[in-house]
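Biologist: I am new to this structure and would like a short tour. Could you please open it for both of us?

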Amino acid sequence: MAQDPTEETVMTTTSSCESCGMPIESGRYCGYCTDGSGALQSFEDRFARMAAWQARRDPEASRQDIERQVLDYMATMPAWRDHPTVQAR
Ligand SMILES: [Zn+2]
């Protein structure tokens with residue numbers, strides 16, 4: 001998670017995707033979190049993608065740990081923090 005300070009200064013106009021936190025240039029969501037028409041994908045779709053991504057980063061973790069980590073992360077995202085599944089975690 002080390003940030004290059006030079007890069008951060010250059011990227012001051014960048015906002016982040018409200019679904020996954022990825023830096024984006026404009027709009028609310030990145031291309032990975034939207035469908036072809038630009039609408040935010042469903043919670044189930046994003047959860048499955050993020051769990052798969054997290055499992056690749058941390059192959060030793062159990063499925064339960066992965067899902068917990070993804071829910072904890074999604075709880076910090078404006079697009080998902082009020083979702084019932086996130087609230088119920
Ligand atoms: Zn995103």
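Modeller: A term comes first: helices and strands here are DSSP runs, numbered from the N terminus, with at least four residues for a helix and at least two for a strand. In those terms, glycine 21 has its place in the loop between strand E1 (15-16) and E2. Please keep in mind that this is a predicted model.

Biologist: How many helices and strands are there in the protein?

Modeller: The protein has four helices and two strands. Read from the N terminus, its elements follow the order α-β-β-α-α-α.

Biologist: What share of the residues counts as buried?

Modeller: Of the 89 residues, 25% count as buried.

Biologist: Back to glycine 21, then. Is glycine 21 buried, partly exposed or exposed?

Modeller: Glycine 21 is partly exposed, because its relative accessibility is 28% and that class covers values between 20% and 50%. Its C-alpha atom is separated by 9.3 Å from that of methionine 74, which lies 53 residues away along the chain.

Biologist: What about glutamate 18, where is that found?

Modeller: Glutamate 18 is also in the loop between E1 and E2. Its relative accessible area is 22%, so glutamate 18 counts as partly exposed. Between glutamate 18 and tyrosine 29 there are 5.7 Å from C-alpha to C-alpha, with 11 residues separating them in sequence.

Biologist: Now the metal. Which atoms coordinate the zinc ion?

Modeller: Four SG atoms do, those of Cys17, Cys20, Cys30 and Cys33, at 2.3 Å. Along the chain, these donors follow the spacing C-x2-C-x9-C-x2-C.

Biologist: And why is the site of the zinc ion called tetrahedral?

Modeller: The angles among its four donor atoms run from 103 to 116°. Four donors count as tetrahedral if all angles lie between 85 and 135 degrees, so the site meets the rule. For reference, the ideal angle for four tetrahedral donors is 109.5 degrees.

Biologist: How many disulfides does the count come to?

Modeller: The count comes to zero disulfides. The rule asks for a pair of cysteine sulfur atoms within 2.5 Å.

Biologist: Are the zinc-binding cysteines buried or exposed?

Modeller: Cysteine 17 is buried, because its relative accessibility is 2%. Cysteine 33 is buried as well, at 0% relative accessibility. Cysteine 30 also counts as buried.

Biologist: Serine 26 caught my eye. Where does serine 26 lie?

Modeller: Serine 26 lies in the loop between strand E2 (23-24) and H2. Its relative accessibility is 58%, so serine 26 counts as exposed. The C-alpha atoms of serine 26 and threonine 14 are 7.3 Å apart, although their positions lie 12 residues apart in the chain numbering.

Biologist: Changing topic: how much space lies in the largest pocket?

Modeller: The largest pocket holds about 450 Å³ of space. Its lining consists of 14 residues, and those nearest its centre are Cys20, Met50, Trp53, Arg57 and Tyr73. Cys20 is also one of the zinc donors.

Biologist: Which helix gives the most to that lining?

Modeller: H2 gives the most, with seven residues. Helix H2 (43-57) and helix H3 (63-74) each supply at least two residues.

Biologist: And what is the chemical character of the lining, in terms of nonpolar, polar and charged residues?

Modeller: Eight of the lining residues are nonpolar, two are polar and four are charged.

Biologist: One last residue, please: isoleucine 66. Where does isoleucine 66 lie, and is it buried or exposed?

Modeller: Isoleucine 66 lies in helix H3. At 2% relative accessibility, isoleucine 66 is buried, because the limit for that class is under 20%. The C-alpha atom of isoleucine 66 is 6.5 Å from that of glutamine 54, a residue 12 positions away along the chain.

Technical notes. Residues numbered from 1 in each chain as written. Predicted model: local features only at pLDDT ≥ 70, side-chain atom pairs only at ≥ 80, totals over all residues. Heavy atoms only, no water. 1 Å grid on protein atoms, 1.4 Å probe; cavity = no way out; pocket = protein on both sides within 12 Å on 5 of 7 lines; lining within 4 Å. Points joined across faces, edges and corners; volume = space filled by probe spheres on them. Nonpolar A, V, L, I, M, F, W, Y, C, P; charged D, E, K, R; others polar. Buried < 20%, exposed > 50% of the residue type's maximum accessible area, 1.4 Å probe, protein only. Donors = N, O, S within 2.8 Å, 3.2 Å for Na, K, Ca; no water. Tetrahedral: all angles 85-135°; square planar, octahedral: opposite > 155°, others 65-115°.
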